[in-house]
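Here are a few exercises to work through with the structure open on your screen. Try each task before you read its solution.

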Amino acid sequence: MSLAASDRSKQPDNRTTMELGKVLPKTAEVHDGHLFIGGVDMVELAKQQGTALYVFDQADLEDRMRTFRSAFESRYPNSGIIFASKAFQNKEMVRLLAQEGLYMDSSGGGELACALACGYDPKNVFLHGNNKTERELREAIEAGVGRIIIDSRIELARISRIAGELGVVQPIYMRITPGVEADTHDYIITGSEDSKFGFTIGMDDFAFRCVADVLAAPHVELKGFHCHIGSQIFDLSSFREAAFIMVEFMARVNREYGLALDELDLGGGLGIAYKAEDNPPSIDDFAEMTTTAVRDACAQFGLPLPRLYVEPGRSLVANPGVTLYTIGIMKTLPDIRKYVAIDGGMSDNIRTALYGASYEPVIANKADQPRTEIITLCGKHCESGDVVVVDMPIQTPEVGDIVCVFCTGAYCYTMSSTYNGQPRPAIVFVKDGEARVVTRRETYEDLMARDL
Ligand code: LLP
């Protein structure tokens, strides 16, 4: 990304931490100038655990899981919430999902292995991926995952063969590409026709014709359909459009193939506030739009209401998560920008470099002060594009200050790397004044552990 392309008109906003609204984890507070989350002083925590450090507000996480469930179940009782593990996974998260009655989307062998290691019920796992390997498929079918979302005819044959070898019938969904152009970053649009994912609904009725192949395949049982139109979506009408297309497709399949499929998975994608001025739809707005769309479309096409799933990732975990860093170096380039270098960067948060993402930073030990300076928070890696925050307001920074970057709970840890031999940060869950390390910091030994 080009730093020059950033928003250089950004002005100090004079807001203090607590004025950042939706960006904050739910239990954020400021006492004596220090930022507290879950009743824990972030400055003290950074000192105890070292930085960079991922911190999750556990009460906020639990609250969002409950809100998602109740938002859907109160409007549409026959529904389920599937958490997209790609956004964030560790063993503690898997335990929380089980505790809160959420299903799990697993998109790779390691994600499934983590679920199984925690004793998570494989029947509640939905396996995704556009090129699942033979090994991943075999492990999943052997474990008895609830649904495999098939992405192609080649994969259909593979699953059918493996299930036959294992003497089981594997329940599957077909992933449909509904041709909806969601309004988001190009890299995370997935539902448009030009996509590597799924069976295209257009292209000479491709998806519809492939249903015949799925029905003819032994050892698999088609249970329903899936779509996922993209991520970080604010415009709910894209979900309505996708729901409508999917129900229409399902009704037609049921009618013309004489089936009674009754499961529909509309994927994830609900956007969140990364910046104080962002105004994403709420979980309730999302539930209202999708359930109403499904009901209306079912009424229109004469389809009984299917069991409905959605697969949120980001909207469950992004806001409860923050990253703490320590300022090591500062460099002021008059008339260009002020670089503030932290002890992490693109290794723990690649999203700014990859998507031009934007985050709100504060200084955790000056959290009651207004953010009167504009800075660029750069990392410690050997790349100019190694930035976490570009030209954003912050309190007056000094070497040794603890910086907190908000909304890093999704797609940061799971996309992290060890670039420049940087051990990955620990993960701490905070709640009711207690801090628990749930993933320890990576060590240099860990980095070398696989070298022979
Ligand atoms: N279901 C499927 C099949 C998906 O591919 C995804 C995300 C989700 C659900 C969850 O979507 P969410 O609710 O989180 O938007 N690394 C990118 C995001 C990639 C999303 C990939 N698929 C980022 O950091 O923005």
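**Exercise 1: the domain interface**

Task: find how many residue pairs are in polar contact across the interface of domain 1 and domain 2.

Solution. In this predicted model, 17 residue pairs, both partners at pLDDT 80 or more, are in polar contact across the interface of domain 1 and domain 2. Next, see who sits on the domain 1 side. Strand E4 (53–57), helix H11 (351–355), strand E20 (426–431) and strand E21 (434–439) each bring at least two residues to the side that touches domain 2. E20 gives the most, with 4 residues. Sort that side of domain 1 by class and you get 18 nonpolar, 6 polar and 9 charged residues.

**Exercise 2: dividing the chain**

Task: work out which stretches make up each domain, and how much area is buried between domain 1 and domain 2.

Solution. Start with the bounds: domain 1 takes 3–57 plus 318–441, while domain 2 runs over 59–316. The contact between them draws 33 residues from domain 1 and 29 residues from domain 2. Now for the distance: the C-alpha centres of the two domains are 32 Å apart. Finally, the area: about 2700 Å² is buried between domain 1 and domain 2, and carbon and sulfur atoms give 55% of that.

**Exercise 3: following Lys 26**

Task: count the salt bridges between the domains, then find which residues pair with Lys 26.

Solution. Between domain 1 and domain 2 the count is 4 salt bridges, and a search of the whole structure turns up 33. Zoom in on Lys 26: its side chain meets that of Asp 60 in a salt bridge, 3.4 Å from N to O. Lys 26 also forms a salt bridge with Asp 63, where the closest N and O atoms are 3.0 Å apart. Lys 26 lies in the segment before strand E1 (29–31) and Asp 63 in helix H2 (residues 58–75), so this pair ties together parts 37 residues apart in sequence.

**Exercise 4: backbone and confidence**

Task: is the peptide bond from Thr 51 to Ala 52 cis or trans, and what is the phi of Asn 14?

Solution. Check omega for the bond from Thr 51 to Ala 52: it is near -5 degrees, making the bond cis. Ala 52 is placed in the loop between helix H1 (42–49) and E4. Then move to Asn 14, which has a positive phi of about 60 degrees although it is not a glycine. Asn 14 is in the segment before E1.

As a last step, look at confidence. The chain averages a pLDDT of 95, and 96% of the residues score at least 70. Confidence is lowest in strand E10 (residues 199–200), with a mean of 94, and highest in E4, at 99.

Conventions: Residues numbered from 1 in each chain as written. Heavy atoms only, no water. Domains from an automatic or database assignment. Contact = heavy atoms within 4.5 Å. Buried area = accessible area lost by both parts, 1.4 Å probe. Polar contact = N/O pair within 3.5 Å; in protein donor to acceptor, adjacent residues only side chain to side chain. Nonpolar A, V, L, I, M, F, W, Y, C, P; charged D, E, K, R; others polar. pLDDT = per-residue confidence, 0-100.
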